Amino acid sequence: MKRLAAIVAAVALATSACGASDVDSADAGGIYTTIDGAKQIDATAPINPFNPAGSTFMGYDAMALAWPKNGLTDANAFYPGIAASWTATPDQGEVVIHLQPKARWSDGKPVTSEDVRTSIGLAYTQGGSAYTVNAGAAGAAADIQVLDGKTIKITQGANRSNAFLRNVLSTVVVPAHVYGSLLPPGFWETLRAARGSGPAAEKAKGQITGLAQRVIAFAPREDVSAGPFVLERINPGAALLKKNPYFYDAARIQPDRVKVLNYTGNEQIWNYLVSGKLDSAPFTAVPAAVMSRIKQTPGNEIRKGYSPVAASLAFNQARKPYDNVHVRRALAYLIDRAQVTRVASPEAGTPAVTTSGIHASAAAAWLGGGGLAALEPYKVDAAKADRELKAAGMVKRAGTWRMPDGSPWKVSIHVPASFSDWVAAAKSITSQLNDHGISASVVTSADYILYLDELAAGRYDMGFWLMGLGPSPYNIFQRLYGSANGWQLLAGRLTHVPPGQQGNWMGGPETVAGVNPGELTNRLNLATPEEQKRIVGTLAKLTNEQLPVIQLYDYVNTQFVNTSRYTGWPAADSEVLRLPAGVWMQLGMIKKK
Amino acid sequence: MTLTISLPGRRDERGGRVSPRRAFWRGVGRVLRRKRGRVVGVAILALFAAMATVGPLLYPANLPRDDNALYAAPSLAHPFGTDFEGTDVLALVVTGARYVILTGLATAIITVALGTTLGLLAGLHRGRWDTVLMRITDLQLTIPGLPLLLVLSTVWKFESPLEMGLVLGLLGWGGVARAVRSQTLSLRERGFVEAARGLGLSSTHIVGRELLPSMAPYIAMNVLIAVTGAIYAQVGLFFLGVLPFESNNWGVMLNLAVFGGGALTTPAALPYLLAPLLAILLLTLGIVLVVDAMDEIFNPRLRED
């Protein structure tokens, strides 16, 4: 009996010990478990949103002024973030931001216009979008004016862009009392000097961009967040965030804590999902069999929505025979896009209806049903492909297509080895081409960075390429008629560089039948909505005829939620599916069951 | 002199003289028959040799696909199921054997040729030769093979098995050179080598007729062990996805089964994962069993007759 009593006592002790250590799970709102789709966890990285590997998590403890809806056509639709509201003049020359009146940092200090101004200053050191020191760059902010503690006005430079509001609202806000010391005294004067020209301006530019590394490496001792959560601790396996009691809308936030699990690859995320560990997971490529296994886990549900991205096969038109549009068309007629999608991305892709340069959903909105139907669909048609190849002068000998001079034609399709869906798609395409007497093979690159480097150096004939990156029509067509195809925008001037230079690996012609697609694309930045629609129509038709790429499949935003512990999930096709779950919580979704 | 298989003057059952070569092969036959596993080992190696030589001839250049049977389960038509494209997995394993085995052989030849030559030279000549060659060997042994291969793969596509074998061979000869040198240092003090030297026989004779035969078992075993090492190394590199894509490469198959098919998460792509694994396992087993037989063939102390 004594032994039994001792065991009972030991068990009781152990139970109470577990209870003490497991106090988190006893919290009313529970622990919300997820992963960060944008990056893996690096426990040694600073708690700094300017650091690409930083230990901050967008929507949870890292906050932007507003959250983009990324709809089909409207690039300027946002949900409020640190900015409660905003106004912009019709030409977006001036944007006035009104901050959340109750917004406070996790240390209790209020979020002010000065924080936004400091954040903008820090963004200048990193360059790009609205905050660039390149004189004359389109859409650059020219003046930042604090109107009062909660209102700030940002004025666009003379070279206007309709992406200005979007870029301003995407500003990540950090506390001035933590990050302010990174901006040296006289920073704003230096910035003003940098916007000029001449040696003094160049020196000032150098001073500002020279701060970039210092900003990236800055490591605050603790997280000071204006978001719904603040980082409590982090280790290589997970980051734990606790609720920020000072968040401006704290009553809407139900989970007491958020646990962001680390992963080394997709298969680890699949295992998390199969075991039901994750309350939600952002877009993850999943094979059909794994998807069916994930669905079997109690509570797991799939939420599918629009994803403004498509996969394509891009040509280097500086290389023969891909300089000939008939060859590109022949290949388009030979590739069975439905089969490619079934092999490569059955759960997260839909076969492209045609090549327009735009994701099918956005294409329908931009071009209308009639406009889309007017484009050549490039359905699989071996006879048409043969005609196109003959028109290009290619010759067929002993069942194999050869170059016009009779030399062998070897098609090499390049993909990064780490993109399993692209590898499978490329293999499917080469099999289809081989069936038709075109000798084709897949060549992989060790990683994506190397792949992009080699692609930019013009070493590939053909390679996989992400396209249709909406909703901004400029961003969509910039993937086809931007720097990768020779059009460079420097100091507000658009120039076209020859193939093989300055990253021009697509090598397309500067004008086609009198149309300069790069110029039209650039004009999308400045055009009114009506004009944008007309330009998009022209570019879609040109893309469909000229095929700088063959659009293969449009991605589907496939997300996972588990209804066992929380409810209030976004519905399928909801715009918020394109945002982190932290933003869902800010919007009042996600309730404890 | 410890030449292991030299049986001149032996007579067959009918009393006739048997040539040394025939006596050797009879000895080999006896050793193999003594343990059934050794015969199995030879059969496995023969099977893989056949796969490498005639396997690709059994299938069309472009393997047929069944568009409606992606990741199909094993069946009579597809004993190991199909891959992500509906291609028979067995056909992939068979046609992929050539690259794997050729790489293994190329690696083994380079490893053993370089290692033996340098080890013999160092051990035989000693002095400065030994110092220089062993420092080079030490240097080679310090080169981290896998990281170097990962870096090399960014600039070299290793499209031919001979290229792959050359690199793996150049990275693997150090151990053999060290061991051969040790054996040479030991053997050169033995009476039969002293006698050969006393008779004024040339270095070529001493190396070719006195030292090498004594080291033959060790060298032969190293050939086979180098083959397995090369197979693991190249399959590993292909699995990591750093080498060029060939859908019938066993490492690529493993990679696609795990990362593309989710073979470690669901059973659907498991046969696609297991087929190349089984091939590697069988090939290794065959080599181990044959090494066991070779040990006895070349080592008179182990011989039971």
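Student: What separates the C-alpha centres of domain 1 of chain A and domain 3 of chain A?

Tutor: Those centres lie 37 Å apart. Keep in mind that this is a predicted model, where local features need pLDDT of at least 70, side-chain atom pairs count only at pLDDT 80 or more, and totals for chains, interfaces and linings use all residues. Residues are numbered from 1 along each chain as its sequence is written, while chains are lettered from A and ligands numbered from 1 in the order in which they are written.

Student: Where do the domains of chain A run?

Tutor: The assignment (bounds come from an automatic or database one) gives domain 1 as 11-60 + 227-299 + 563-592, domain 2 as 63-217 and domain 3 as 307-555.

Student: What makes domain 1 of chain A and domain 3 of chain A count as in contact?

Tutor: Residue pairs do: two residues are in contact if their C-beta atoms, placed from the backbone, lie within 7 Å. By that rule, 5 residues of domain 1 of chain A touch 7 residues of domain 3 of chain A. The domain 1 side has 5 nonpolar, no polar and no charged residues. Here Ala, Val, Leu, Ile, Met, Phe, Trp, Tyr, Cys and Pro are nonpolar, Asp, Glu, Lys and Arg charged, and the others, Gly among them, polar.

Student: Over in chain B, why are H2(B) and H3(B) called roughly perpendicular?

Tutor: The axes of H2 (residues 36-54) and H3 (residues 89-125) of chain B cross at roughly 105 degrees and come within 7 Å. Roughly perpendicular covers 65 to 115 degrees, so H2(B) and H3(B) earn the label. On H2(B) the contact is made by B:Phe48, B:Met51 and B:Ala52, and on H3(B) by B:Val94, B:Ala97, B:Arg98, B:Ile101 and B:Leu102. That splits into 7 nonpolar, no polar and 1 charged.

Student: How do you know that S11(A) and S12(A) are paired?

Tutor: Pairing takes at least two DSSP bridges between two strands. Strand S11 (residues 238-243) and strand S12 (residues 257-261) of chain A have 5 and run antiparallel, so they pair. A:Lys242 stands opposite A:Arg257 in S12(A).

Student: What makes S1 and S10 of chain A edge strands?

Tutor: Each pairs on one side only. The order in this open sheet of 4 strands is S1-S12-S11-S10 (chain A), with mixed pairing.

Student: Which element gives the most to the side of chain A that touches chain B?

Tutor: H14(A), with 8 residues. In total, 27 residues of chain A contact 25 of chain B, and the chain A side has 13 nonpolar, 10 polar and 4 charged residues.

How values were computed:
Axes fitted to C-alpha atoms, helices over the stretch in contact; angles between N-to-C directions. Helix = DSSP H or I, 4+ residues; strand = E, 2+ residues; numbered from the N terminus. Parallel < 35°, antiparallel > 145°, perpendicular 65-115°, else oblique.
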